[in-house]
Structures are given as structure tokens and as C-alpha cells.
Amino acid sequence: MLWTIAKKEIVSNLLSYKFFIVLLLIVVLIFTSFFIMHRDFKNRLSDYQVIRPKPGEPIALLAPNPLSIFAKGLDEALTRSFEIGVIGITVRAGQKSGNIIFSFFPTPDFLYIVRVVLSLVALLFGFDQVSREKEMGTLRLMLANTVSRAKVLLGKWLGNFFSLAVPFVAVTLLGVVFLSLDRDINFSSAHLLKLGFILVLTLVYIAFFLSLGLLISTRTKKAASSIVILLFIWALLVFIIPNLGTLLARQLVDVPSVRALSEKRQQVWTREVLLSIGERGNEQRGNWAKHVKTISDDNDRLGEDFSNKFNRLVNLSKNINRISPAASFVYAVTDIAGTGISEESNFKRDVVRYKDSVIQKMMSPVGSDSKANEYPAFTYNYRTLSQVFAQGALFDLAWLVFFNILFFALSYFAFVKYDVR
Amino acid sequence: MLKTIIKKEIQNNIFSFRFLTSFALLLIIVTVTIFILTNDYLKKIDEYSQRQTEIENYMKSYAHFNRIGNILQATQPPIPFYSLVRGLSSDVNIEEFDDDPLPVIFPLIDLVFIVTILMSLVALILSYDSVCGEKEDGTLKLMLSNGFSRSKAILGKISGGVLTLLIPFVFSLVVGLLIIALQPRVAWNGADWGALGLIVAGAVFYFGLFYCLGTFISSRHHSSSSSIMTSLFVWVLLVLIIPNLSPYLASFISPTPSRISIDRQTARLTDTERDDLGRKLMKEKLEELVKKYPVLAENLAEAEIKDRVTRDPAYREAYEARTREVQAAWDEANRIQGEKASAIWREMGRKEAAQTELSSYLSMLSPLSDFTYLATDLSSTGVRNEAHFGRIREMWGRAFGDYQRQKIETLQKQDPAVDWWNTAVDMSDRPRYNYQEEGLGGRVKATLPAFAVLVIFNLILFSAAYFSFIKYDVR
């Protein structure tokens, strides 16, 4: 009986105007997004080939991450070139485009399409499930049979979920196949596994919005009021809570701005360089080493002090934003893709460690001989899936699943008490 | 009669569930947003003045002309409009080691966001069934069986709808502005209020356009459930997709070379190739010179040269000529290669400007971008302010350069033996960097195209709604 209802839902969806529009939207958006982000990735890859450090150069540089095609996140910040010198780390961010319009609107990657558009689409599949059938009178007929209400609801849920998930997954996989035809991208099996998890998360995410739609549909008598409520909840969850939450967190945690920190760093090294110039004529070499050490120590102290506070801000803003499943979804997907906030701070920690080792080598007495310019290459290993899950992504996934179950259960209770007349 | 329809339309909307929900939602979101943004702005001012103090403290003890550019940098101070509109002001700081990832993951929310996303959604929610809904209810037949024209009916519907939209928008904005007005530390001047007035006018055009769009779609459909689908589909394209795609599309049509490869190319021009050219020029010039001063042909060791320069005046003359020529050769090489490099950068800048222009034209197809440009330019947080700020920075940079030259000259006259470049100098009389917002007139002029596009959109959609309604089958 369950499958009969699910099948009926699928068939009636397939023939509907809604389904036609949604399919069109999914196909156009996913392919356009893949095409654009692929091109963006290729451009960044060829930039990377140009500035790739030669052996022995003290430069920390990451290649663009192929998964940034799906979730760009902070990949632009991660693939900057960090050049190590005695006075610290100099960043070259030549990748930035001169076209300012880019900074006005968010990147249209897969993550954006799913987070914003697909969630809306899932709501459209759920919003009139119960109220429409009531308006049409078919709900009464259906329940006049001996089928239980739980089965009806579950059947509806499954039918709608599959009629959305199947075309979506098919289009996405097709897109991924096209992408993997490009030899430059070179998805490793680890990448594909991560991509699989991203897809699973996506399905859980749209399932949540479907359940939400179903819930509101069982709480309202008219499809028209159901859609109004849902659109507002959608705007709240997808845009307002995550965007406002970060600002709110900034009010609660006292963190200096990054600009202030950068200015302080400039002051530190400029001061030390000038002091050392003033001392010239004395025993120069030893003094310089002392100043270099001061610069390095002061910078590390500043950095550590800042990152302690900043981590508190990040955690607080994450926790506030997690009220919205959309934020949980973004955190989990960017973390898995290796373009998230935790990945970046992890990476920067490694860069600082590398800087310390390079400076130590620069200042060591042996450094004065001919091998002075040979430094070990910088290597960075992205966090593995198990690390990513342990450090937050699992929580986000569980949180999304919890939301799903909660909203489905709520809609079940509402539906059981629903007046079908 | 028109008045009756407008009144009916407004009353109908005001007591509807969707209107009340929108009103409540807008009121809460606008107030909370303005409250948080205002507090954030106050925090920003405090931090800015603290940063200035740090710089002053530094300047008291370590003000050397050498590397002063690292310390004294022109930065954009927070402006009072930040309690409403943020535009491009978010500080990602990607050029430095310490970048801020938070605005990249979730951009912050401001009045522009509220208008572009929420108000357009509200406009569609109120209008998607304005025609087909009445048809479903059967009231459209009744209304049109009276003796008045359809054009009056549609005009009344749309103007009534836009007036209804104004109520929650203006009311919640006024409540939000009270927060700003009651906060004594946020000092808005006349230009700010003027700019806000124009932004509100732009917002009315913006959501008026969406109301017309909703009515148009509604009069193309016969059931409200398919009308909402089409409306949302169009909304997603106009608001969420076209603006985001436009810069990428523009970069496809009008590509620019990557800054990195240009950087490498010009670095080569001014480095290794400059050296090659310099050596070549030097060789040529020295060969010429040897004809004039045959003494220079002798190959002497460093110490011997020094010795001869002091002893032999003829040799000294030749040697000084040689130094001059060598310097001239390198200056020439630097000039030639520098010109080549700057020509490449100029070309690059031209291409980037062309691409930016194309992206903004493409994105103007979406009313969201039109309103965004309009609001950010009027509030000095947009593209125009970036250029304005750049000019101020450049002017200050030149003024400081002049000051530096003059100061060093005077100091050197006082005591030529000191290396003033590397000595602490009292620079309290330096020209201060002072950011002033651009005058309102210039800002308004810049936003005229965006206004024009919004008005044109309104006209087109209104006439589309009008013609569809004229031919609408009300049975």
C-alpha cells in the first residue's frame, strides 16, 4: 500500500507543470554552475602552474582543490602564495580578479544552488501535499480505505522525495562524469568518496525541506497560506539566520578586526628593522638575529592571541547559525570538500610552523654557506574524512538528520489529528 | 471608480493572512538588522580610532622615513551609513596573512538584502493571484460586469498593491531609523538622509516592478497554483541566478589575462630582461667612450682605479664620464623596460575595466543588481566609492611624498652628516589622510542609469500586465 501511494505521487508529479519547471531549473542550473566553476578552476590551476615554487624556494602554496568546483568556500584564500622571509610571511594574492562585480554576488557553485534553489524546490514539492488533496476532496477518499495515516504520509514523503532526488542525482552525476573527462581535474578516489558524502548531505538537506513543507501543509487548511508561511521560513533559514548570526556573534565576542592585526604586524617588523639599522656598526650579525627572533616571536604571539579569540568567534557564530539547517549544511559540505573554515585555520597553522622552520634555517650559522637558499618544500595534507567528521561534520550531519526526524514526526502528529473533511 | 478599486485592493490585502505575516516578519527583521548593524558600526568606529591611536603611538617613537609606507596606510574609515547598508565594505583582507573567512561563507545582511530578497518575495506573494485568484473566486466576473474599463481595473489593482507594500516597508524602516536617530553616536547628516530618501524611492520602483511582474504572470495563468510556480521560477532567475552568473559570463565574453601571469611577465621585463638590455646599452656606450678616452681601455683592478683617480686628473675625468655613461645606460634600460611593463599593465587595466563594465551591464538585466548598485552607490559603499577612495588615497600619497622630500631637504640642510632616511624624525606636521564621502550630487548622477533601468522595467512589466489582462478570459 505504501508503494502504491508513493507511486501515485511520483506519477502525478511527473505529469505536473511544477515538475516540468523544476526539472528545467535543475538541469540549467547544475550544468551552468559546473561549466562556470570548472572554468574558474582551470584558470586558477593555470595560475598555480605559473607561480608554483621552484625546489628550494621558501614558499607555501597549495594547488587549487578540485572539489572547489562544487563548494568553492575559502579555496581562494587557501591557494594564496605565502612567501617566507626573515620578517615573516608575505602573501601574494594575485589571483584576485580586477572585476569588482564578482564581490557583489555570491559564487554560483553547486553548494549555492543546492542551499538556495534546491531547498526552495523541495518546499514546492511539499507545500500542498495535504492541503491540496483536502481541497480537491481526494484525501477523504484515500483515507476511506483501510490504509493508515502514517502510511499515507510516509508514502507521500517517499514519492515526492524520489521524484525530486532521482532527477537531481542523475543530473549531478552526469555533470560529474563530464567534469571527470577533463584530465586536469584528476579526481582521486578520496575526492570521489568525499563527493559521495556531499551528495548524501545534499539529499538529507532537501529531505529536511520536504519534511518542513509537509509539516506546514498538515498545519494549514489552504495551500495558499501554506506557501506563504513556507516562503518566509525558507528566507529565514536560508538567508537571514546565517547572515545575521555571524554579525550577532561579533557583537558578543570581542575580536579585533583582521586589518588591525595586519597593521600591528607591520609595525612590529618595521620597528625591528629600523632598530637594527640604528645599531649598525656594532656587532651586526648577532643583533640582527635577535631582532628576527623578536619579530617572529611577536608575530606568533599576536597571531596566537588573535586566533584564540577568533576561534571563539567562529565557534559561537557556527553555533548560532546552526539554528538553521542551511548553515549546518554549508559547514558540513565545505568541511568535507576541504574548503571550510576549519581547514583554512588548520592550513594556516601549518604555514606558521613552516615559517618557523624556514626562519630557523635562515638564521642558523650554517645558513651562511652556499646551501643557504635551499629550503624544504612545504607540504600540506588535507584533513582526512574521519578527521573532518570528528571535528564537526558528523555533528552537522547528525543535526540535519535530527531536524529531518523531528519535522517528519511533527508532521505525522499533525496529520493524525488533521480534519480531512 | 479607480479609487474604489484601489481601496478595495488595499483593504483586501491588509486583512489577508499573507500581508499580516509579511508585516510581522519585516518589522522584526528590519529592526533586528538595523539594531545589530548600528552596534557593529559603533564597534567599528571604536576600533578604527584605536587603530589610529596605535599608529600615532608608533609614530612618536619610531617615525623613520624608511619604510614609513608600511605604517601609514590610507584605509577606509567606517561611515554612518554602515548602520543601514554595507555594500562592499566587508573586510576579507585576503591580501594579508590574516584573512577573515566569515564574510566569505555567509555575507552579512543589510537593508539592500532586505529589499532585494524579502521585499521582492513579499511583492510576488501578494500579487501572484491578483488576477487568477479573483477568477477562481468568481469575483473577477462580478467586478467586470460593472460598467468600467479593464484598464482601470488593472491600474487600480497594481497601484493598490504597491501602496499596500509601502505600508510594512515604510513602517518597519521608520522603526529601524528610530534606533539610528536615538543613538547619539551615529551622526547622520543631510546628505545621508537625502541618499536614504532616494534609496527608498529606488526600493519602491524595485518592488513595484515585482508587483507588476506578479500581476503579469497572474494574468497569463488560469490557476493560482501554476501562477505561483512560474512566479517563483522567474524570481529565482532574476534575483538569485542572473546577478551571480553575470560576472562569469562577462569574463567568458571579454576575457582578461590572469594577473599572476601578467605579474610574472612584467617582473621578467623589469628584472632579467632589464639586466640584459642594461648590459647591452652599457657595452655600447662604453665602446663609444673608449674612443674618446683610450685610457679606459686598460683593464685595472679596483684598488688601482681608486689610486689613479686620486692621482691622475685626466683619468678622473674619464672615469667620471664612464660612471655617468653607465648610470645613463641603466637609466635608459629601466625607462624602456618600465614603459613596456606599464604598457602591459595599462592594457590589462583597460581589459579589466571593459570586463567590469560588461558584467555590470549584463547584471543590470536583473533588477536586483540595479537596486544593489543604486543603493550602494548612493550610500558610498559601492563601486563608485572604491574609485573615490582610491583617488583620495592617491592624492594623500602624493602630498605625503612631497612632504617627505621637503622635510628631508630641510633636515639635510641642518645636518648633512646624518642619514635622515634611517633616523627617527618628528613627523607630527605630516599631511593627514582625511577621507570625505563624495558629494551627494555626484553619487546621484552615477545612479541615474540604474534608476532608468528600474523605471523601464516597471513600464514594460506594467504594459505586459495591462495587455494580458485586457485579453484575459475571465470566465
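Which element of chain A has the lowest mean pLDDT, and which the highest? Helix 5 of chain A sits at the bottom with 81, while helix 12 (residues 325-337) of chain A tops the list at 95; pLDDT is the predictor's confidence in each residue, from 0 to 100.

This is a predicted model, so local features need pLDDT of at least 70 and side-chain atom pairs count only at pLDDT 80 or more, while totals for chains, interfaces and linings use all residues. Residues are numbered from 1 along each chain as its sequence is written, and chains are lettered from A and ligands numbered from 1 in the order in which they are written.

**View 1. Chain A as a whole.** Chain A has 14 helices and three strands, counted as DSSP runs (helices: H or I, at least four residues; strands: E, at least two) numbered from the N terminus. Its C-alpha trace spans about 100 × 50 × 40 Å along the principal axes. Of the 421 residues in chain A, 48% are buried, meaning that 20 or more other C-beta atoms, placed from the backbone, lie within 10 Å of a residue's own. Chain A has a mean pLDDT of 88, with 95% of its residues at 70 or more.

**View 2. Helix 5 of chain A and its neighbours.** Helix 5 covers residues 129-136, and its buried residues are Gln129(A), Val130(A), Ser131(A), Glu133(A) and Lys134(A). They pack against several helices of chain A, including helix 4 (110-126), helix 7 (149-180) and helix 14 (385-416). Right after the helix comes Gly137(A), with a positive phi near 90 degrees.

**View 3. Where chain B meets chain A.** Here 77 residues of chain B are in contact with 77 residues of chain A, contact being C-beta atoms, placed from the backbone, within 7 Å. Helix 10 (224-253) is among the chain B elements that give two or more residues to this side. In fact, helix 10 of chain B supplies the largest share, 17 residues. By class, the chain B side has 36 nonpolar, 24 polar and 17 charged residues; Ala, Val, Leu, Ile, Met, Phe, Trp, Tyr, Cys and Pro count as nonpolar, Asp, Glu, Lys and Arg as charged, and the others, Gly among them, as polar.

**View 4. The two domains of chain B.** The assignment, automatic or from a database, gives domain 1 (2-257 + 366-470) and domain 2 (259-359). Their C-alpha centres lie 51 Å apart. Eight residues of domain 1 of chain B are in contact with nine of domain 2 of chain B.

Terms used:
Contact = placed C-beta atoms within 7 Å. Buried ≥ 20, exposed ≤ 12 C-beta atoms within 10 Å, placed from the backbone.
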